[in-house]
Amino acid sequence: MKILYCGDVVGRAGRRVLIDTLPRLRAELALDIAIVNGENAAGGFGISPEICQDFYAAGADLITTGNHVFDQRDLIGHIDQDPRLIRPLNMLPGTPGRGSAQLQLANGRRLLVVQVIGRLFMAAYDDPFGALEAELKKHPLGAAADAIVVDVHAEATSEKMALGHLADGRASLVVGSHTHVPTADHRILPGGTAFISDVGMTGDYDSVIGMAKDVAVRRFRSHVPGPRLTPAMGAATLCAVYVETGADGLARRIEPVRIGGDLSPIEPGPAGAERR
Ligand SMILES: [Fe+2]
Ligand SMILES: [Fe+2]
């Protein structure tokens, strides 16, 4: 299966590069599945039902979120209506929405997408390790799903790597999101699971993690509340990972993808890690 996962889309600049680029990537890479993290798509804070529709129309099959999932209040009543929109599995039990979703491709193959959220330097969530362990036990790779993607939405690389090793051999891809900065550690773990600590954001990198840099810098220098953070509006970079899985559901290849904006572009090509 050929899978693309696009990192946190931030604001209008991020939406624009995603919507402009995803249809071409779908065709060029002959993608089976495109997953998009949309937690910052609406002005940097959350995602609206309308933006979800725009992403589906551009070729997204499934949208993951994160700690910002409910920043747009109209999503609270909407999330249970949309089976392709998920939030972290280990949010508190009274939270609307679901933490995983299963997709069936036209050829009958099934993909499970799970999202968990970390606890280091984050709010108080339930145990992501126990939640992921239970979900993977419930859905054995190869039996319950032909491929499994785990979105680990967390601040600390250590926590993300630990969750990657927990899932190694039982998921196709463990992909980190949330920090908005791409890491260079994409690889295939010993058990066959593709991993990257953070895929990076889809947004304007001439910014502080996607937000206009002047206000962001000022907030680090004074306790006086300043103007609201707003997304940077310059040319955005789409940051993603491309993964190919084999018949056993494990990864054969992982490649970083960066398109547009002022990060060095990495077009899909020979920059990845392979396993034969
Ligand atoms: Fe984010
Ligand atoms: Fe986040």
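Biologist: This is a predicted model, right? Let's start with Glu 39 and Asn 40: are they buried or exposed?

Modeller: Yes, the model is predicted. Residues under 20% relative accessible area count as buried, and exposed ones are over 50%. Glu 39 and its companion Asn 40 both come out as buried.

Biologist: Which residues coordinate the iron ion (ligand 1)?

Modeller: Look for the donor atoms at 2.0 to 2.2 Å from the iron ion (ligand 1). Along the chain, the donor residues follow the spacing D-x30-E-N-x139-H. Put names to those letters and you get Asp 8, Glu 39, Asn 40 and His 180.

Biologist: What arrangement do the 4 donor atoms around the iron ion (ligand 1) make?

Modeller: To be tetrahedral, four donors need all angles between 85 and 135 degrees. Here the angles run from 86 to 164°. That spread makes the arrangement around the iron ion (ligand 1) irregular.

Biologist: How far apart are the iron ion (ligand 1) and the iron ion (ligand 2)?

Modeller: Glu 39 is a good place to start, since this residue coordinates both ions. With Glu 39 as the bridge, the distance between the two iron ions is 3.5 Å.

Biologist: And which residues coordinate the iron ion (ligand 2)?

Modeller: The donors of the iron ion (ligand 2) sit at 2.1 Å, and their spacing along the chain is E-x27-N-x85-H-x24-H. Asn 67 is in the loop between β3 and β4 and His 178 in the loop between β7 and β8, so the pair ties together parts that are 111 residues apart in sequence. The full set is Glu 39, Asn 67, His 153 and His 178.

Biologist: Is Asn 67 buried or partly exposed?

Modeller: Anything under 20% would be buried, and over 50% would be exposed. His 178, at 12%, counts as buried. Asn 67 has a relative accessible area of 25%, so this residue is partly exposed.

Biologist: Which residue has a side-chain polar atom 3.0 Å from the backbone nitrogen of Glu 39?

Modeller: Head for strand β2, which covers residues 33-37. The residue we want is buried there, with a relative accessible area of 0%. The side chain that reaches the backbone nitrogen of Glu 39 belongs to Asn 37.

Biologist: Last one: how much space lies in the largest pocket?

Modeller: The largest pocket is lined by 16 residues, and among those nearest its centre are His 68 and Met 211. By class, the lining has 7 nonpolar, 6 polar and 3 charged residues. The space in this pocket is about 380 Å³.

How values were computed: Residues numbered from 1 in each chain as written. Chains lettered and ligands numbered in written order. Predicted model: local features only at pLDDT ≥ 70, side-chain atom pairs only at ≥ 80, totals over all residues. Heavy atoms only, no water. Donors = N, O, S within 2.8 Å, 3.2 Å for Na, K, Ca; no water. Tetrahedral: all angles 85-135°; square planar, octahedral: opposite > 155°, others 65-115°. Buried < 20%, exposed > 50% of the residue type's maximum accessible area, 1.4 Å probe, protein only. 1 Å grid on protein atoms, 1.4 Å probe; cavity = no way out; pocket = protein on both sides within 12 Å on 5 of 7 lines; lining within 4 Å. Points joined across faces, edges and corners; volume = space filled by probe spheres on them. Nonpolar A, V, L, I, M, F, W, Y, C, P; charged D, E, K, R; others polar. Helix = DSSP H or I, 4+ residues; strand = E, 2+ residues; numbered from the N terminus. Polar contact = N/O pair within 3.5 Å; in protein donor to acceptor, adjacent residues only side chain to side chain.
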